[in-house]
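Colleague: Please take a close look at one part of this model and work outwards from it. A connected account would suit me better than a list.

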Amino acid sequence: ATPTALMVGTGRGAQLGILIKGPEVLETTRRVDTIVLDKTGTVTTGRMTLGAVHTAAGTEEAELLRLAGGLEHASGHPVARAVASGAAERTEGALPAPAEFTDVPGLGVRGAVDGRQVLAGRARLLEDAGISLPQTLSDAMADAAAQGRTAVAVAWDGEARGVLEVADTVKESSAQAVAQLRALGLRPILLTGDNRAVADAVARAVGIEEVHAEVMPEDKVEVIRRLQAEGRSVAMAGDGVNDAAALAVADLGLSMGTGTDAAIEAGDLTLVRGDLKVATDAIRLSRRTLSTIR
Ligand code: ADP
Ligand code: MG
């Protein structure tokens, strides 16, 4: 491949809304045969909104929203933003700022709000702290997940207090992008830290059969490595929230321009508008650019 031809490919990429880290990236792009897609913020918009709120017996909805909203306000996760802004709207008061805050990647958040020790996140976050969910709340979580909605369990002072449903929407272009990627010969795989039922619902909506769900951020890297060990050349598309390490390990990291700075740093190629269909343009472009050189 001559440097000039590669530079032409890079320039054309910019016109399409693709930022390419270096000319050598085109060569990797041409070779990928597998594409791992992170769910939240990549296949879905990641612009989530707060839906139904379920309280445990004896818990006030307003209190649940205030404490969970106050805590989540300190996190940048798409789920957290939905909880915080939904809670602020529904309680009409300022949310209390946490005196103490810990992000637990892939599971949720914990911290001290209004003198209470609050947890918000996956059921596992509560279970790990020795807190079990009453039947009504675990039923609410299962129902939400079956509908493709993410459920956030909330506990304080050692007891489960409620469940907040958060809805995300699949990007309009995702199903078409998956079909195009398949047509280009790539094997699509959905990867997410979210619940299995939510993951399956999203996969069905976009036509993906292979799903890895409930994968912790550090294990996302392992999923990529296993595929590479099988001899696959792996592209990974993500938004940088809990998937930056996987983006870096993949043969080709595709970062959503709508995601975090960490994504753009870890990726080889940035899809400026966060549209997965542009990934197929990038693959076509790289194949064309390099074939004209040969
Ligand atoms: P994904 O793989 O879909 O991009 P993440 O790995 O970032 O998702 O998170 C996995 C799951 O952990 C989320 O679907 C959500 O259920 C839970 N979670 C993560 N962060 C938070 C948070 N700040 N508040 C509540 N739940 C969270
Ligand atoms: Mg993500």
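**A loop residue and what lies around it**

Modeller: D114 counts as partly exposed, because 15 C-beta neighbours lie inside 10 Å, while a buried residue would need 20 or more and an exposed one would have 12 or fewer. The model is a predicted one, and what follows should be read with that in mind. D114 sits in the loop between strand 5 and strand 6. Its phi is near 50°, a positive value in a residue other than glycine.

D157 can be set beside it. The phi of D157 is likewise positive, near 50°, and this residue is not a glycine either. D157 is placed in the loop between strand 7 and strand 8. With 11 other C-beta atoms within 10 Å, D157 is exposed. Strand 7 and strand 8 make a hairpin with two residues between the strands, and it is in this hairpin that D157 takes its positive phi.

From that hairpin one can follow strand 8, residues 159–167. Seven of its nine residues are buried, so strand 8 is largely enclosed by the rest of the structure. Strand 7 and strand 8 run antiparallel and are joined by seven bridges; V152 stands opposite L164 of strand 8. Strand 3 (residues 49–55) is joined to strand 8 by five bridges, and these two strands run antiparallel. There, T55 is the residue opposite G162 of strand 8.

Strand 5 (108–113) and strand 6 (116–121), which flank the loop of D114, lead on to ligand 1. Each of these two strands supplies at least two residues of the shell around ligand 1, and the elements that do so include strand 7 (150–156), helix 3 (39–43) and helix 5 (78–91). The shell holds 23 residues, of which T40, A80, G193, D194 and N242 are the closest to ligand 1. By residue class the shell divides into eight nonpolar, ten polar and five charged residues.

The protein is divided into domain 1 (3–45 + 170–293) and domain 2 (49–167). The centres of domain 1 and domain 2, taken over C-alpha atoms, are separated by 31 Å. Their contact takes 13 residues from domain 1 and nine residues from domain 2. On the domain 1 side, helix 3 and helix 9 (196–206) are the elements that give two or more residues. Helix 9 gives the most to that side, with four residues. The residues of the domain 1 side that touches domain 2 divide into seven nonpolar, five polar and one charged. Both domains give residues to the shell around ligand 1, so the ligand lies between them.

Next comes an open sheet. Seven strands form it, in the order 1-13-12-11-2-9-10, with mixed pairing. Strand 1 (18–20) and strand 10 (210–212) stand at the edges, each with a single partner strand, so one side of each has no neighbour in the sheet. On average, neighbouring strands of this sheet are turned by 20° against each other, direction ignored. Strand 1 pairs with strand 13 (residues 269–271) in the antiparallel sense, over three bridges. Within this pair, I18 stands opposite L271 of strand 13. Helix 10 (residues 217–229) packs on the sheet and touches strand 2 (34–38), strand 9 (187–191), strand 10 and strand 11 (234–238). The direction of helix 10 makes about 160° with that of strand 11.

I18 is one of the contacts of G13, a residue of helix 1. Helix 1 covers residues 3–16. G13 is buried, with 24 other C-beta atoms within 10 Å. Apart from its neighbours within four places in sequence, G13 is in contact with I18, I20, A282 and L285. Of these, L285 is found in helix 13 (residues 277–293), and L285 is buried, with 22 other C-beta atoms within 10 Å. L285 and L26 are 259 residues apart in sequence, yet their C-alpha atoms are 8.3 Å apart. By contrast, G13 and G69 are 56 residues apart along the chain, and their C-alpha atoms are separated by 41 Å.

Key. Residues are numbered from 1 along each chain as its sequence is written. Chains are lettered from A and ligands numbered from 1 in the order in which they are written. This is a predicted model: local features need pLDDT of at least 70, side-chain atom pairs count only at pLDDT 80 or more; totals for chains, interfaces and linings use all residues. A residue is near a molecule or strand if its C-beta atom, placed from the backbone, lies within 6 Å of it. Ala, Val, Leu, Ile, Met, Phe, Trp, Tyr, Cys and Pro count as nonpolar, Asp, Glu, Lys and Arg as charged, and the others, Gly among them, as polar. Domain bounds come from an automatic or database domain assignment. Two residues are in contact if their C-beta atoms, placed from the backbone, lie within 7 Å. Two strands pair if DSSP finds at least two bridges between them. Axes are lines fitted to C-alpha atoms, for helices over the stretch in contact, and angles run from 0 to 180 degrees between N-to-C directions.
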